[in-house]
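Please explain how this chain is put together, beginning with one side chain and moving outward to the cores and helices.

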Amino acid sequence: MRTMPEISPSSIWVLTDGKAGDLAQCTGVAEALCVPFEIRTISPRAPFSWWLPFGPTDPREWENRPNSPIAPPYPDLAIASGRRAAAYLRRIKRRSNGHTFTVFLKDPRTGPDSADLIWVPEHDALRGRNVLVTPTSPHRFSVSKLDGLRAQKSPEIDKLARPRVAVLIGGDSRHHTFSEDDQNLLLSGLREVAHQGAGLMITASRRTPPGLAYGLASLAKSGGHIYWTGELPNPYGTFLAKADAIVATADSTNMIGEATATGRPIHVFHPGGGHAKITRFLGTLQRLGAIHPFPGPLKTTTYEPIDATPVIAERILADYAALRRNDKHEPAD
């Protein structure tokens, strides 16, 4: 963010149970605020973990216990995500005597009063005066970060044939299953794109079925494409930045949401299954001209990047400043 308002936080906690997706979203927002932040990780034991977000937090992690993740001094701002973190965020608000401005990313399941500000994606149902809604989710791949990665030299990627296509493959999930037919159709579509002269930058996930992962690796090896096998450094951000087009699987809204920050067309492959929320999410992006079906004609037309992260950061700063101004004007007892 280029400018900071006159009243802004000077300390931030990022609070999650360590889940990678939640941590990435919170960290992305914290980075956009340009304020130093600490990562605080909760680890509630059973049975307390079973009752969250509704039940009490684990007493072992209360603020007065050794090595507590929520021990004071409390920050000006706390950003949390994940159902286990919701109850801890409420506790921080109480124990700080209302000083800490609290932000929750995604539906906390405990209503709009669970935090000072709540962000949800458009396909979620929660609404309220303090609920911010955007088409996509926050992440760490800001437009400026992508511009920087795009400008960096990367010999292995830069030598690929154009158009360069980032291929982002998820896998089996609660709502989607990659059948053998799905895997064959996806691989066939990628072979056709490669046959037309495109250079592929392929990354899979831990959920990718072994047979599909093997097929992707074989395709990359036989055609002079890139297949990331998990070694460091992770080229995911560079794949996004240097792509002329993107192929992504519909099982991950986070992956597709990150890709929309590039302004490059996203070609979505639908494995078996689905969910109404995901359908609504993809419908919104289709109306915005960001996504197209896969297999299908490869498009390289661009659109205005869609990035929720700076929108959320701006709202946090505005609401934080408004709350602090109100605090200053409260009459004395």
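Which backbone nitrogen lies 3.1 Å from a polar atom of the side chain of His225? In this predicted model, that atom is the backbone nitrogen of Leu200. His225 itself sits in the loop that runs between helix H7 (210-223) and strand S10 (226-228). Its relative accessibility is 14%, and because buried means under 20%, His225 counts as buried. Leaving out residues up to four places away in sequence, His225 touches Leu160, Ala194, Ala198, Gly199, Leu200, Leu219 and Ala220. Leu200 thus appears both in this list of contacts and as the owner of the backbone nitrogen already described.

From this loop the description turns to the nonpolar interior. The largest nonpolar core comprises 32 residues, and those with the most contacts inside it are Leu168, Leu240, Ile246, Ile256, Ile266, Leu282 and Ile291. At least two residues of this core come from each of helix H4 (143-151), strand S7 (164-168), S10, helix H8 (236-242), strand S11 (245-249), helix H9 (253-259), strand S12 (266-269) and helix H10 (276-287). Apart from this core lies another, of 24 residues, which includes Val29, Trp119, Leu317 and Ala321. Within the largest core, Ile291 offers a detailed view: beyond its neighbours within four places in sequence, Ile291 is in contact with Ile256, Ile266, Val268, Leu282, Leu285 and Gln286.

Helix H10 contributes to the largest core and may be examined in its own right. Its twelve residues, at 1.5 Å a residue, should span 16 Å, and the end C-alpha atoms are 17 Å apart, so the expected and modelled spans agree. The buried residues of H10 are Ile278, Phe281, Leu282, Gly283, Thr284 and Leu285. Among the elements that cover these buried residues are strand S8 (176-177), H9, S12 and strand S14 (291-294). Just after H10, Gly289 adopts a positive phi of about 80 degrees.

Helix H11 (residues 308-328) invites the corresponding check. Its 21 residues should span 30 Å at 1.5 Å a residue, and the end C-alpha atoms lie 31 Å apart, which agrees. At its N-terminal end, Asp307 acts as a cap, with a side-chain oxygen 3.1 Å from the backbone nitrogen of Thr309. Buried residues of H11 are Ala308, Thr309, Ile312, Ala313, Ile316, Leu317, Tyr320, Ala321 and Arg324. They pack against helix H1 (20-33), strand S3 (77-81), strand S4 (101-105), strand S5 (117-121) and strand S6 (131-134). Two of these buried residues, Leu317 and Ala321, are also among the members of the 24-residue core.

How many disulfides does the model contain? The count is zero. The cysteine sulfur closest to that of Cys26 belongs to Cys34 and is 17 Å away, whereas a disulfide requires sulfur atoms within 2.5 Å; the separation is therefore too far for a bond. Cys34 is likewise in no disulfide, its nearest cysteine sulfur being that of Cys26. As for their surroundings, Cys26 has 0% relative accessibility and so counts as buried, whereas Cys34 is partly exposed, with a relative accessible area of 47%.

A last stop is Pro47, placed in the loop between strand S2 (37-41) and helix H2 (48-51). Pro47 is partly exposed, with a relative accessible area of 27%. Pro47 and Asp58 are eleven residues apart in sequence, and their C-alpha atoms are 8.6 Å apart in space.

Terms used. Residues numbered from 1 in each chain as written. Predicted model: local features only at pLDDT ≥ 70, side-chain atom pairs only at ≥ 80, totals over all residues. Heavy atoms only, no water. Helix = DSSP H or I, 4+ residues; strand = E, 2+ residues; numbered from the N terminus. Buried < 20%, exposed > 50% of the residue type's maximum accessible area, 1.4 Å probe, protein only. Polar contact = N/O pair within 3.5 Å; in protein donor to acceptor, adjacent residues only side chain to side chain. Contact = heavy atoms within 4.5 Å. Core = buried A, V, L, I, M, F, W, Y, C linked by side-chain atoms within 4.5 Å. Expected span 1.5 Å × (residues − 1).
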